[in-house]
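Let's take a walk through this one together. Have a look at the sequence and the model first, and then we'll go from the overall layout to the surface.

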Amino acid sequence: MNQYNGQNYFYAIFEILTDEDRYSWVNPDCSKKDLKNAAVVLARFHNRIV
């Protein structure tokens, strides 16, 4: 749990489902748009928890 501006935020971490991993850290099989969107989400998440 993290508190930011008087609000509590909860985070969950999930295991990766078994199957083809399109979003692997190494040689991901997704479009540049997918990668850009993932980077934006990760940056927003990082800014909230730091």
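What percentage of the 50 residues of the protein chain count as buried? Just 4% of them do. Keep in mind that you're looking at a predicted model.

Now for the layout. The protein chain has two strands and one helix, and if you read along the sequence they come in the pattern β-β-α. The helix is H1, covering residues 32-49, while strand S2 takes up residues 7-9. Between S2 and H1 there's a loop, and we'll come back to it shortly.

On to the surface. The protein chain exposes about 5,200 Å², and 56% of that comes from carbon and sulfur atoms. One spot to look for is a nonpolar surface patch of about 690 Å². Its members are Tyr 11, Trp 25, Val 26, Leu 42, Phe 45 and Ile 49. Pick out Ile 49, which sits in helix H1. Ile 49 counts as partly exposed because its relative accessibility is 35%, and partly exposed covers the range between under 20% (buried) and over 50% (exposed).

There's a charged spot to find as well. Asp 19, Glu 20, Asp 21 and Asp 29 come together on the surface as a patch of negative charge. Asp 19 belongs to that loop between S2 and H1. Is Asp 19 buried or exposed? Its relative accessibility is 73%, so Asp 19 counts as exposed.

Note on methods. Residues numbered from 1 in each chain as written. Predicted model: local features only at pLDDT ≥ 70, side-chain atom pairs only at ≥ 80, totals over all residues. Heavy atoms only, no water. Patch = residues over 30% accessible without salt bridge, like charges linked within 9 Å, V, L, I, M, F, W, Y side chains within 5 Å. Areas by Shrake-Rupley, 256 points an atom, 1.4 Å probe, with all protein chains shown as cover. Salt bridge = Lys/Arg side-chain N within 4 Å of Asp/Glu carboxyl O. Helix = DSSP H or I, 4+ residues; strand = E, 2+ residues; numbered from the N terminus. Buried < 20%, exposed > 50% of the residue type's maximum accessible area, 1.4 Å probe, protein only. Lys, Arg positive; Asp, Glu negative; His and termini not counted. Charge placed at Lys NZ, Arg CZ, Asp CG, Glu CD.
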